[in-house]
Amino acid sequence: MPAMPAAAHRSRRTSDTALRFGRVAAMGAVTVLVLIAGVWASWGTAQHVMLTKGRERGTVTVTRCGEDTCSGPYAPVSAGSTARARVEIDRSVGVRVGRTYTVVVKPDTDRVVRSGPAGVLYAWVPLGGALLLASVVVAGGMRRPRAGRLLAGSGVALLTAAFLAV
């Protein structure tokens with residue numbers, strides 16, 4: 001096999017470097033997009049649970065459950081909160097008929113979200129899934145297995161904590 005001229009060898013090295021950079025940049029963009037989507041999906045609920053100052057806080061005793069939501073009477077705990085005969089909470093694995101949960105009322109609605117540690121962890125579950133998905137992209141697409149394991153470990157820890165808390 002004839003030897004490759006020095007100029008052709010440099011050109012090939014440059015194109016390999018450019019392709020590697022392009023792959024890392026594209027996979028990095030996908031990773032950032034997935035993580036932003038996870039935060040966005042989580043923030044819709046998390047903002048009510050984490051930023052409770054000035055919000056109505058209380059308890060709901062679940063009396064019945066439908067396909068997507070459960071409902072029951074709301075008893076206020078915070079000043080300025082009013083009792084309601086019926087509020088709705090999203091149905092999940094952790095919501096059962098007959099149990100009482102601490103909740104925060106979403107502004108201008110009769111919908112509530114769980115509060116406390118279980119509510120915070122449950123609110124961030126979409127981010128946990130995004131961390132798992134991003135770990136595959138980072139480990140495989142960017143060829144950064146340590147960073148991928150870190151993301152996967154964080155996602156598994158978040159999802160496990162949410163499962164145990166709910």
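In this predicted model, strand S3 (residues 69-76) and strand S4 (residues 84-90) run antiparallel and are joined by five bridges. Within this pairing, Thr69 has Asp90 of S4 as its bridge partner. S4 also pairs with strand S6 (residues 111-114). Here the strands run parallel, and two bridges join them. Glu88 stands opposite Arg111 of S6.

S3 has a further partner in strand S1 (residues 57-61). The S1 and S3 pairing is antiparallel and covers three bridges. In it, Val60 faces Tyr74 of S3 across the pairing. S1 pairs with strand S5 (residues 100-105) as well. These two strands are antiparallel and share five bridges. Thr59 stands opposite Thr102 of S5.

The faces of S1 were examined next. In a regular strand, side chains alternate between the two faces of the sheet. S1 has one covered face, made of Gly58 and Val60. Its uncovered face holds Arg57, Thr59 and Thr61. Val60, the residue opposite Tyr74, thus belongs to the covered face. Thr59, the residue opposite Thr102, belongs to the uncovered one.

The nonpolar cores come next. The largest has 12 residues: Val34, Ala46, Ala123, Trp124, Leu127, Ala130, Leu131, Ala134, Val138, Met142, Leu151 and Leu158. Three elements each give two or more residues to this core: helix H1 (6-50), helix H3 (125-141) and helix H4 (145-165). H3 provides the largest share, with five residues. Ala46, a member of this core, is in contact with Leu51, Ala123 and Trp124, leaving aside neighbours within four places in sequence. A second core, separate from the one above, has 11 residues. Among them are Tyr101, Val103, Val105 and Val112.

Two helix pairs were described. Such pairs are characterised by the angle between the axes and the distance between the axes. H3 and H4 pack at about 160 degrees, and their axes are 8 Å apart. An angle over 145 degrees counts as roughly antiparallel, so H3 is roughly antiparallel to H4. Their crossing is left-handed. On the H3 side, the residues that meet H4 include Leu127, Leu131, Ala134 and Val138. The H4 residues that meet H3 include Leu151 and Leu158. These six residues are also listed in the largest nonpolar core. Glycines take part too, including Gly128 and Gly129 in H3 and Gly148 and Gly155 in H4.

Ser135 lies in H3 and is one of the residues of that helix that meet H4. Its relative accessible area is 8%. Buried means under 20%, so Ser135 is buried. Beyond residues up to four places away in sequence, Ser135 touches Gly148, Leu151 and Ala152. Gly148, Leu151 and Ala152 are among the H4 residues that meet H3.

The other pair is helix H2 (residues 116-123) with H4. Their angle is about 140 degrees, and their axes lie 9 Å apart. H2 and H4 are therefore oblique to each other. H2 passes H4 in a left-handed crossing. From H2, the contact involves Ala118, Leu121 and Tyr122. From H4, it involves Leu158, Ala161, Ala162 and Ala165. Leu158 and Ala162 also appear among the H4 residues that meet H3.

Definitions and conventions:
Residues are numbered from 1 along each chain as its sequence is written. This is a predicted model: local features need pLDDT of at least 70, side-chain atom pairs count only at pLDDT 80 or more; totals for chains, interfaces and linings use all residues. Side-chain values use heavy atoms; hydrogens and water are left out. Buried means under 20% relative accessible area, exposed over 50%, partly exposed in between (1.4 Å probe, protein chains only). Helices (H or I, at least four residues) and strands (E, at least two) are DSSP runs, numbered from the N terminus. Two strands pair if DSSP finds at least two bridges between them. A nonpolar core is a set of buried Ala, Val, Leu, Ile, Met, Phe, Trp, Tyr and Cys residues joined through side-chain atoms within 4.5 Å. Contact means heavy atoms within 4.5 Å. Axes are lines fitted to C-alpha atoms, for helices over the stretch in contact, and angles run from 0 to 180 degrees between N-to-C directions. Angles under 35 degrees count as roughly parallel, over 145 as roughly antiparallel, 65 to 115 as roughly perpendicular and the rest as oblique. A crossing is left-handed if the near helix is turned anticlockwise from the far one by less than a right angle, and right-handed if clockwise.
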